[in-house]
Amino acid sequence: MELVMTCTTAELMLLVGVCDYPSVAKGIGAATFGKRSEKEWKAILETAEHQLILKGIIDDEKAERGEEPISDEMKTFINRYVQSKWIIRGTDMPRKRALMFHHYEGDNWLAHIIYKDIIHEFYYVTFDEILDQIREYYSFSSGDSVPAEQFFLTEKAFDWLNEPKKVDKVKKKSEFTDEEKRSFEHFLEDLEAKNRYLYNLTTFHFPNGTDNLSPDLYMENMLYHMRDLFFFLPSQNGVWLVEYTPHPKTPVRIYLVTVKEWIERVARFKEVIEV
């Protein structure tokens, strides 16, 4: 795993703009800073430019002469980042982080860790290294086996899990067996421990790269390009997986697996990704 760069959101936005991707730069800025006045944007970008000059990433003398202010290596990196056609994204709200991987050619990807929507770290990795990095990033634990625990919900009941006041309603509406009831209570304990937050890993496909995304419709574009998604939740011993089944009444299956089995589910992304 090779470190490429560490930068702030404003610095990344500026570099993307310098490489002639204005809509992507606007999207990055809008997602982090929201609506700002022209004066505020100017101040944000000027500060970012000064930092990039201090880091030696932007050559201010070349910029003053009207020459390309960044190196060919940096331009190649930004092109790979923006033109990526496949992206894997992992959420981590409890720690206010996100983990992303941007494919650029063959088995080669850019790993991208975002801290509190402010700091970005980029590494070059292969797909096999992605699996290792996801395992290390989340640091879930389990033995070689876990108890056989599972239960089934309707889609509406699954949505209700986000609302504490509706948990009793889920219990009343669900026809749990005694074993499923115990599994559900165990799951609720783990959910409360994470402030009712379910993690997810998602793959996105952008046939023309992300430079064609409208900054005004960023989320709509992301949802449109979603190809695979699954939710999960760590337990003290194992990981809860959420799986959709063909069952006509209760299609949402939630069951406990080992970390190894969870990583095997992550590895199935390779069946979806066409590279």
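This report walks through a predicted model of one protein chain, from its overall build to a few local spots.

## The chain as a whole

Let's start with the big picture. The chain has 275 residues, and buried ones make up 45% of them. Its secondary structure comes to 12 helices and 10 strands. Measured out along the principal axes, the C-alpha atoms fill a box of roughly 75 × 40 × 30 Å.

## Strand E4 and its neighbours

Strand E4 covers residues 108-115, and six of its eight residues are buried, so the strand is largely enclosed by the rest of the structure. On one side of the pairing list is strand E3 (residues 97-105), which runs antiparallel to E4 and is joined to it by eight bridges. If you want a landmark in this pair, look for His103, which stands opposite Trp109 of E4.

E4 also pairs with strand E5 (residues 119-126), again in the antiparallel sense and over eight bridges. Here a handy landmark is Leu110, whose bridge partner in E5 is Tyr124. As a bit of background, side chains in a regular strand alternate between the two faces of the sheet.

## Turns and positive phi angles

Both of these strand pairs are hairpins, so their turns are worth a look. Between E3 and E4 there are two residues, and Gly106 in that hairpin takes a positive phi near 50°. The hairpin of E4 and E5 has three residues between its strands, and Lys116 sits in the turn. Lys116 has a phi near 50° too, a positive value in a residue other than glycine. With 58% relative accessibility, Lys116 counts as exposed.

Another lysine does something along these lines. Lys96 is not a glycine either, yet its phi is positive, at about 55°. You'll find Lys96 in the loop between strand E2 (86-92) and E3. Its relative accessible area is 53%, so Lys96 is exposed.

## Cysteines

How many disulfides does the model have? The count comes to zero. Cys7 is in no disulfide, and the nearest cysteine sulfur, that of Cys19, is 12 Å away. That distance is too far for a bond, so Cys19 has no partner in Cys7, its closest cysteine by sulfur position.

Are these two cysteines buried or exposed? Cys7 is buried, with a relative accessible area of 1%. Cys19 is buried as well, at 5%.

## The second largest pocket

Now for some empty space. The second largest pocket has a volume of about 250 Å³. Its lining is made up of 13 residues, and those nearest the centre are Thr154, Lys173, Ser174, Glu175 and Thr250. By type, the lining divides into five nonpolar, three polar and five charged residues.

Which elements supply at least two residues each to this lining? Strand E6 (150-153) and helix H7 (155-160) do. H7 gives the largest share, with three residues.

## Ser174 up close

Ser174, one of the residues nearest the centre of that pocket, lies in the loop between helix H8 (167-173) and helix H9 (178-193). Although it lines the pocket, Ser174 has a relative accessibility of 13% and so counts as buried, the cut-off being under 20%. Its side chain reaches the backbone oxygen of Val170 at 2.7 Å.

Notes. Residues are numbered from 1 along each chain as its sequence is written. This is a predicted model: local features need pLDDT of at least 70, side-chain atom pairs count only at pLDDT 80 or more; totals for chains, interfaces and linings use all residues. Side-chain values use heavy atoms; hydrogens and water are left out. Buried means under 20% relative accessible area, exposed over 50%, partly exposed in between (1.4 Å probe, protein chains only). Helices (H or I, at least four residues) and strands (E, at least two) are DSSP runs, numbered from the N terminus. Two strands pair if DSSP finds at least two bridges between them. A polar contact is a pair of N or O atoms within 3.5 Å; within protein, one must be able to donate a hydrogen and the other to accept it, and residues adjacent in sequence count only if both atoms are side-chain atoms. A disulfide is a pair of cysteine sulfur atoms within 2.5 Å. On a 1 Å grid over the protein atoms alone, a cavity is a set of points where a 1.4 Å probe fits but cannot get out, and a pocket is an open set with protein on both sides within 12 Å along at least five of seven lines; lining residues have an atom within 4 Å of a point. Grid points are joined across faces, edges and corners, and a volume is the space filled by probe spheres set on the points. Ala, Val, Leu, Ile, Met, Phe, Trp, Tyr, Cys and Pro count as nonpolar, Asp, Glu, Lys and Arg as charged, and the others, Gly among them, as polar.
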